[in-house]
Amino acid sequence: MKHDDIHNNIQRDKPAATGSETPNTPDGSGVNASGIQRDNGRNRLSKSNTAVFALVGQVGLSIALGAVLGAMLGVFIDSKLHTSPIATLIGLLLGLAAGIYSVYRLISSVL
């Protein structure tokens, strides 16, 4: 077989292009505002380093903010009810759980 024949056979074996190959975003770029690219029904990070750093920052901030807010609420409840570390520990654990759940939702929307 000649080189041209092989090339033609390969081209013939490729599936026909449908409209699903092009990402569906308003500006047609395929990357939305959060740096997530839509590709054949799946979300995944674009190759932008900024999007990756933003995702890592959101993960850390979600866990830390949940823990801090939960602990602060626990300290407030402890000061009102005079139950020294109990509400603080419960608030901290609930805040961590909320932060981890937030990270789970964030990651599952990207993958």
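User: In this protein, what share of the contacts with a separation of 6 or more comes from residues 24 or more positions apart?
Analyst: The model is a predicted one, and its contacts can be sorted by how many positions lie between the partners in sequence. Among contacts in the protein with a separation of 6 or more, those between residues 24 or more positions apart account for 42%.

User: In what order do the elements of the protein run from the N terminus on?
Analyst: The secondary structure comes to three helices and two strands. Read from the N terminus on, these elements run α-β-β-α-α.

User: Which helix has the highest confidence, and which the lowest?
Analyst: Across the protein the mean pLDDT is 75, with 58% of the residues reaching 70 or more. Where pLDDT is low, the predicted coordinates should not be read in detail. The mean is lowest in helix H1 (residues 3–13), at 51, and highest in helix H3 (residues 86–110), at 93.

User: How far apart are the end C-alpha atoms of helix H2, and what span should its residues give?
Analyst: Helix H2 covers residues 49–81, which makes 33 residues, and the expected span follows from 1.5 Å a residue. The expected span is taken over one less than the number of residues. The expectation for H2 is therefore 48 Å, and the end C-alpha atoms agree with it, being apart by 48 Å.

User: What span should H3 have, and how far apart are its end C-alpha atoms?
Analyst: H3 has 25 residues, and 1.5 Å a residue is again the basis of the expected span. The expected value is 36 Å and the end C-alpha atoms agree with it, so the distance between them is 36 Å.

User: Is leucine 55 buried or exposed?
Analyst: Leucine 55 lies in helix H2, where the buried residues also include Ala51, Gly66 and Asp78. A residue is buried when its relative accessible area is under 20%. Because leucine 55 has a relative accessibility of 14%, it counts as buried.

User: Which residues does isoleucine 107 touch, not counting residues up to four places away in sequence?
Analyst: Isoleucine 107 lies in helix H3 and is partly exposed, with a relative accessible area of 29%. Its C-alpha atom is 8.6 Å from that of valine 59, although the two residues are 48 residues apart in sequence. With the sequence neighbours left out, the residues that isoleucine 107 touches are Leu55 and Val59.

User: How far apart in space are leucine 55 and valine 110, C-alpha to C-alpha?
Analyst: Valine 110 is one of the buried residues of H3, a group that also includes Gly91, Gly95 and Gly99. In sequence, leucine 55 and valine 110 are 55 residues apart, while in space their C-alpha to C-alpha distance is 9.3 Å.

User: What is the accessible area of the nonpolar surface patch that holds Leu61, Leu65, Val68, Leu69 and Met72?
Analyst: Leucine 61 is found in helix H2, and its relative accessibility of 55% is why it counts as exposed. Together with Leu65, Val68, Leu69 and Met72, Leu61 forms a nonpolar patch on the surface, whose accessible area is about 490 Å².

User: What is the phi of histidine 82?
Analyst: Histidine 82 has its place in the loop between H2 and H3, and it is exposed, with a relative accessible area of 70%. Most residues other than glycine have a negative phi. Histidine 82, by contrast, has a positive phi, near 55 degrees.

Definitions and conventions:
Residues numbered from 1 in each chain as written. Predicted model: local features only at pLDDT ≥ 70, side-chain atom pairs only at ≥ 80, totals over all residues. Heavy atoms only, no water. Helix = DSSP H or I, 4+ residues; strand = E, 2+ residues; numbered from the N terminus. Buried < 20%, exposed > 50% of the residue type's maximum accessible area, 1.4 Å probe, protein only. Patch = residues over 30% accessible without salt bridge, like charges linked within 9 Å, V, L, I, M, F, W, Y side chains within 5 Å. Areas by Shrake-Rupley, 256 points an atom, 1.4 Å probe, with all protein chains shown as cover. Salt bridge = Lys/Arg side-chain N within 4 Å of Asp/Glu carboxyl O. Contact = heavy atoms within 4.5 Å. pLDDT = per-residue confidence, 0-100.
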